[in-house]
Amino acid sequence: MSAPELSSRPRLAVGCRLNEKNQPMRVLHMPEKALRLSGPSLEIVERCDGRRTVQEIISELQEIYAKAEPKKVVDDILGYLARLHDERALDFVSDEANRSAGAK
Amino acid sequence: MTSAAPTPLALIAELTHRCPLHCVYCSNPLELKHRADELSTEVWSRIFREAAAAGVLQIDFTGGEPLARPDLVDLVRAARDAGLYVNLITSGLPLDEARLDELIAAGLDHIQLSFQGATEESGNEFAGTKAHAQKLRVLEWLKSRRVALTLNFVIHRRNIDQLPEMLAIGETSSAGRIEFANVQYYGWAFSNRENLLPTRAQLERSVEFLKRSEERLRGKIHVEFVVPDYYGKYPKACMGGWGRKFILVAPNGDALPCHAAQIIPGLHFDNLKDRSLREIWEKSEAFQKFRGEDWLPEPCQSCDRRSRDFGGCRCQAFLLTGDAAATDPVCSLAPLRPKVDAVVAAANGPAAESLVQPSWIYRPNPV
């Protein structure tokens, strides 16, 4: 597992998406499987929109989970993002790739 | 005692048994459903909504060839509107770029494209029609489109030595997953079994090659390999357990616990035109029959593995022993394992490696 760069922008990979908000249980759909999401895992995945950076996601979650130890929040988020990346559910878009895509 | 029904996770929608291919190992039943018996768009759409309400997360459109249904785009949209993750299992044959774009716009999440071989010649032999070149065209179209792709190579004795060439096709495509699935011996494959079961030497070579490939492609492409269970020590947890995760709906609306269940004599299957999906899933005789562990025979009943494999496959037990409630005879602990050993021994006999052209029994098309 490799931790993502703080400046990269995680985005759900092709074929992966959150189910609709009105469903009784929130899941991350992936080809051939689905992950149940609740609490922090849902808060993280909802923010993997290709716009927010890893650092921004961390800051937002530290606000939501203000009572948790900030370092632990960072570790949990980085670990979870790396795991989703290993499962091919996430792409980490680097700032450079974003700029060159924007320049086109 | 009957067990409480778990939540179904996936709906396998066999939209039609019509198919441009005539594969010698087709998983469809020997008795194919006719076009006139197929469900309408409206009934399917109701089934999708009922499935989602019962907890189903994913729908697999399959067949036959689902693209043979002119209303497939509408069905994809209806499934997506119901809140399902939409997977299309296809040969890619009756497809062009415009229809592909319509399917994606309607909400198609994932395509599983099947391949019968690595080359034009072998692909066409096993499919009984010219199909390979079109599949390669579909792969090209998919490269520029945002939809997940799995390639599914159907493996058996006469193409298992083509794995490197098959993998090369996968690596130059946009696939995130490549499955090498050995044929399972039901339906048409059971009829052609002696020509399809690989030899032990072939299997060992292929496992070794795929292990290396899996390592090399880790993080890029997920490689999956399904070995023939005749060579296994323990049975597979068929369908993840009977009536536990999957509900399969046949083209005419019959609700089945698996693709082959209709071969089991005496089982009555309820039809979704008459009863709701939840009612059938929870209460119907067919889904209750082998659900859970209470019905298990010995040696399964006292076996530590019973919660892992649920006694194996009911259809295979019936095909090989004549008793659907027997321990799956591929299990090394099964009293009737010698029946499987005999088939494996024949496949590895002196004539086994000779490549005499087999006389295939091709699956026909229903009217």
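Okay, a quick definition before I start: when I say strand, I mean a DSSP run of E that's at least two residues long, and strands get their numbers from the N terminus. With that in hand, you can place Met239(B), which sits in the loop between β7 (222-226) and β8 (246-249) of chain B. And keep in mind that this is a predicted model.

So, what's odd about Met239(B)? Its phi is near 55 degrees, a positive value, and it's not a glycine. Most residues other than glycine have a negative phi. Is Met239(B) buried or exposed? Buried, because it has 23 C-beta neighbours inside 10 Å, and the cut-off for buried is 20 or more.

Next one along those lines: Phe310(B). Phi there is positive too, about 50 degrees, and again we're not talking about a glycine. You'll find Phe310(B) in the loop between α12 and α13 (314-321) of chain B. Phe310(B) has 26 other C-beta atoms within 10 Å, so this residue also counts as buried.

Okay, on to peptide bonds. Most of them are trans. Which residues does a cis bond join here? One pair is Gly63(B) and Gly64(B), with omega at about 15 degrees. If you're scrolling through chain B, look for Gly64(B) in the loop between β2 (58-62) and α2 (72-81).

There's also a cis bond joining Glu298(B) to Pro299(B), and omega is about 10 degrees there. Pro299(B) is in a loop as well, running between α11 (285-289) and α12 (306-309) of chain B.

That's my tour of the backbone; happy to pull any of these spots up on screen.

Conventions: Residues are numbered from 1 along each chain as its sequence is written. Chains are lettered from A and ligands numbered from 1 in the order in which they are written. This is a predicted model: local features need pLDDT of at least 70, side-chain atom pairs count only at pLDDT 80 or more; totals for chains, interfaces and linings use all residues. Helices (H or I, at least four residues) and strands (E, at least two) are DSSP runs, numbered from the N terminus. A residue is buried if 20 or more other C-beta atoms lie within 10 Å of its own, exposed if 12 or fewer, and partly exposed in between; C-beta atoms are placed from the backbone.
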